[in-house]
Amino acid sequence: MAYNLKDIIENRPSRLTSGHRMCAGCGAPPVTRMILRAVKPEDHVVVANATGCMEVSTFIYPYTAWTDSFIHSAFENAAATLSGSEAAYKAMKATGKLDENKVTKFIAFGGDGGTYDIGIQSLSGAMERGHDMLYVCYDNGAYMNTGIQRSSATPHFADTTTSPAGTKIPGKMQPRKDLAKIMAAHHLPYVAQTAAYLNFKDLYEKAEKAIYTEGPTFLNVLAPCPRGWGYNTEDLMIINKLAIETCYWPLYEVVDGVYKISYKPAKKLPIEEFLKPQKRFKHLFKPGNEWMIEEFQKEVDKRWQELLDLEEITNKVKEN
């Protein structure tokens with residue numbers, strides 16, 4: 001589909017308005033705003049939002065930053081809430097209670113705590129049942145809203161309030177969960193991992209595909225957190241760039257089971273470049289802790305190679 005991204009950004013009204021109370025330098029608002037801009041202007045949206053930073057900062061009764069229909073769900077059930085809304089919508093259309101020509105899209109937003117952990121049961125159920133909806137995880141790598149506690153999305157060795165780096169343990173002891181691949185294993189028509197990078201082109205195009213692909217779809221979107229990660233607020237896009245250029249956060253999509261890497265760095269940067277600007281990793285650079293950086297690099301390299309292999313294998317299967 002041909003489009004002018006600059007024209008879309010400048011002329012399509014934002015469905016997430018300014019005046020919300022998200023932190024300066026947070027990755028979630030620009031991600032959410034661009035995803036919603038991928039919705040056609042004439043279409044309506046029903047948004048379900050799991051409890052978390054986004055919900056408590058954008059919908060403080062009686063005020064709202066959302067211009068479309070909005071449902072605040074508990075931490076664990078945004079996907080279930082939205083799947084019920086989508087089922088009701090279909091029933092009302094089938095019985096002639098809604099205009100047949102009016103299109104409504106269903107999009108859930110949840111942080112990694114409400115998606116990787118607490119909400120994974122309702123997310124898995126909604127995807128398995130085949131509801132025509134998009135679930136977006138804005139992944140900031142911890143339970144930021146409640147005090148920066150570790151989640152299963154928290155990277156290896158990160159310092160959080162429940163995995164503090166000290167004399168007993170060097171931060172979180174487990175590598176992060178790979179949720180995009182877990183969702184791809186549900187045999188969905190469209191799954192993608194993306195971020196606010198490359199002039200928003202990758203994020204916009206994947207959002208548009210996900211919204212207008214029939215059936216259940218999933219986006220995992222990097223959304224850095226200045227408070228939890230410990231970077232300067234003005235460095236949001238730099239952090240996104242380093243996450244991608246080091247292959248810590250690969251950009252890829254899975255269309256009907258076929259993997260396609262959206263961006264391959266011409267020269268993959270060492271993981272230190274991503275870790276250095278973040279206070280949650282400052283202990284990795286103390287003398288004697290070099291082994292942690294080496295282990296982190298091995299994990300990134302292993303997962304990047306797995307992704308390259310999946311792209312090659314699934315494309316060969318498709319060709320045959």
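Buried, in these legends, means under 20% relative accessible area. Keep that cut-off handy, and remember that the model is predicted.

**View 1. A buried salt bridge inside helix H8.** Asp202 and Lys206 pair up in a salt bridge, with their closest N and O atoms 3.0 Å apart. Both partners sit in helix H8, four residues apart, or about one turn of the helix. Are these two residues buried or exposed? Both are buried, so each has a relative accessible area under 20%. They have company: the buried residues of H8 also include Leu203, Tyr204, Ala207 and Ile211. You can check the helix with a ruler, too. H8 runs over residues 201-212, and at 1.5 Å a residue its 12 residues should span 16 Å; the end C-alpha atoms are 17 Å apart, which agrees.

**View 2. Another one-turn pair, this time in helix H12.** Here Glu312 and Lys316 form a salt bridge, and the closest N and O atoms are 3.3 Å apart. Why are the two separated by about one helical turn? Because they are four residues apart in helix H12. An α-helix has 3.6 residues a turn, so residues three or four places apart point the same way. As for burial, Glu312 is partly exposed, with a relative accessible area of 43%. Lys316 is partly exposed as well, at 46%.

**View 3. A salt bridge between distant parts of the chain.** The side chains of Lys177 and Asp117 meet here, 4.0 Å from N to O. Where in the chain do the two partners come from? Lys177 belongs to the loop between S4 and helix H7 (179-184), while Asp117 belongs to helix H5 (residues 112-117), and the two are 60 residues apart. Lys177 is partly exposed, with a relative accessible area of 25%, and Asp117 is partly exposed with 23%. Both values miss the cut-off for burial, because buried means under 20%.

**View 4. A salt-bridge network.** Asp178, Lys181 and Glu306 are linked by salt bridges into a network. How many salt bridges does the structure hold? The count is 14.

**View 5. Helix H4 and its buried face.** H4 covers residues 78-94, and its 17 residues should span 24 Å at 1.5 Å a residue; the end C-alpha atoms are indeed 24 Å apart. Its buried residues are Ala78, Ala79, Leu82, Ser83, Ser85, Glu86, Tyr89 and Lys93. Look down the helix axis and these buried residues fall within an arc of 160°, so they line one face of H4. What covers them? Among the covering elements are strands S1 (44-50), S2 (69-73), S3 (104-111) and S4 (134-139), along with helix H6 (120-129). After H4 comes Gly96, which has a positive phi, near 75°.

**View 6. Two nonpolar cores.** The largest nonpolar core has 59 residues, and Tyr135, Phe218 and Phe274 touch the most other members. Which helix gives this core its largest share? That is H12 (residues 290-319), with six residues. Zoom in on Phe274: leaving out residues up to four places away in sequence, Phe274 touches Trp229, Ile239, Leu242, Ala243, Thr246, Tyr248 and Arg280. There is also a second, separate core of 35 residues, including Met54, Ala65, Val136 and Ala196.

Note on methods
Residues are numbered from 1 along each chain as its sequence is written. This is a predicted model: local features need pLDDT of at least 70, side-chain atom pairs count only at pLDDT 80 or more; totals for chains, interfaces and linings use all residues. Side-chain values use heavy atoms; hydrogens and water are left out. The expected span of a helix is 1.5 Å times one less than its number of residues. Buried means under 20% relative accessible area, exposed over 50%, partly exposed in between (1.4 Å probe, protein chains only). The arc is that of the directions from the helix axis to the C-beta atoms. Contact means heavy atoms within 4.5 Å. A nonpolar core is a set of buried Ala, Val, Leu, Ile, Met, Phe, Trp, Tyr and Cys residues joined through side-chain atoms within 4.5 Å.
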